[in-house]
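Trainee: I'm new to this structure and would love a close look at a single part of it. Could you pick one helix and walk me through what surrounds it?

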Amino acid sequence: MARCRSYLRGLSICVTALLLVSGVVLIGVGFSSIDGNIPVAELFEQLSTSDGLLVLQVFGPITVVLAVLGICAAALDYKPLLLLFSALIFIEFVAMMVVASPLVQVQSQMDGAVDEVFLKATPLHTAEDYVQRELKKLQASDSCCGLRSSEDWGDQLPDSCMCTPDPDWRSRPANSSLDGSCVMVDADLSSPLPHASDASWVHANPCGPILKSHLSFPIKLRIGIISAFATITITAIILCLSLGLEKYWKKPAVEMTIDDFNRVKYQPKPSLT
């Protein structure tokens, strides 16, 4: 029993130390500028991509303070302090779950909101110069064209949309390259295929899914961090409560004695203290 209790105490210290690390991570992510790395960010000004930041900024320092309290309580094995830590961290856990729950709804609504932005931004050749410039950079770096397709540019396709098809493009039954990365635009498929030098080839993949992944990454990261925090917190509560309420589950030590009439008696073993 003593060895089991020693393991339980050591595990409590480790988990509360892990809780301290998670609090530092909450602070780091809460005050970081991940949202600033979104391509064509000006296109999404009306969308809120900072949801959950305030949750991390507020609960991060609180978690650090409570984790230090929990480490001290577990190291000193002070029962009232362990129970106080368990109560406080449980209150923080409930408060964070209530405040952070809208993040899941924001994540589910993000795709629809982004599609609406894409629809309003087309045709792209009429968009603001900054948006066009940033989108062209994204098209050149990620080999994509348009938000939903190359048709978003109308009849004014930029050079960043153009791509070079593979040499065996004539063997394809449709107007696409062998690997499907390029498609021919404004080609009359009912007539013989034009020469490669006369055809216009553009990137087949749209940039919309790439932008969606950039937009959803910060929210997914915050949800993941909060989920990890919740798991660590529940574990810390269980372990610290087990130590704090030890007298209710630990069997008292007993000793066996035999009297003069060969009767066996069991009585609590006297404490060394």
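Mentor: Let's begin with a word we'll need throughout: two residues are in contact when they have heavy atoms within 4.5 Å of each other. Helices here are DSSP runs of H or I with at least four residues, numbered from the N terminus. Please keep in mind that this is a predicted model, in which local features need pLDDT of at least 70 and side-chain atom pairs count only at pLDDT 80 or more, while totals for chains, interfaces and linings use all residues. Residues are numbered from 1 along each chain as its sequence is written, and side-chain values use heavy atoms, leaving out hydrogens and water.

Our part is helix α2, which spans residues 53–76. Take its packing against helix α6 (residues 208–244): their axes come within 11 Å and cross at roughly 30° (axes are lines fitted to C-alpha atoms, for helices over the stretch in contact, and angles run from 0 to 180 degrees between N-to-C directions). So α2 is roughly parallel to α6, the label for angles under 35 degrees. The crossing is left-handed, meaning that the near helix is turned anticlockwise from the far one by less than a right angle. On the α2 side, Leu53, Val55, Leu56 and Thr63 take part, and they meet Arg222, Ile226 and Phe229 of α6. Sorted by class, these residues are five nonpolar, one polar and one charged (Ala, Val, Leu, Ile, Met, Phe, Trp, Tyr, Cys and Pro count as nonpolar, Asp, Glu, Lys and Arg as charged, and the others, Gly among them, as polar).

Now turn to helix α3, residues 79–100, whose axis lies 9 Å from that of α2 at an angle of about 160°. The two helices are therefore roughly antiparallel, the label for angles over 145 degrees. Here too, α2 passes its partner α3 in a left-handed crossing. Among the α2 residues in this contact are Phe59, Ile62, Thr63, Leu66 and Gly70, and α3 contributes residues including Leu81, Phe85, Ile89, Glu92 and Met96. The contact of α2 with α3 has 17 nonpolar, two polar and one charged residues.

Thr63 also leads us to helix α1 (residues 2–30), where Ser22 sits. Leaving aside neighbours within four places in sequence, Ser22 touches Thr63, Phe229 and Ile232. With 11% relative accessible area, Ser22 is buried (buried means under 20%, exposed over 50% and partly exposed in between, with a 1.4 Å probe and protein chains only).

Just past the end of α2, Asp77 forms a salt bridge with Lys79, their closest N and O atoms being 3.2 Å apart (a salt bridge needs a side-chain nitrogen of Lys or Arg within 4 Å of a carboxyl oxygen of Asp or Glu). Asp77 counts as buried at 17% relative accessibility, whereas Lys79, at 25%, is partly exposed. The structure holds four salt bridges.

One last stop on the partner α6: Ile223 lies in that helix and is partly exposed at 23% relative accessibility. Not counting residues up to four places away in sequence, Ile223 touches Leu103, Val104 and Gln107. Ile223 and Gln107 are 116 residues apart in sequence, yet their C-alpha atoms are 9.3 Å apart in space.

Definitions and conventions:
Angles under 35 degrees count as roughly parallel, over 145 as roughly antiparallel, 65 to 115 as roughly perpendicular and the rest as oblique.
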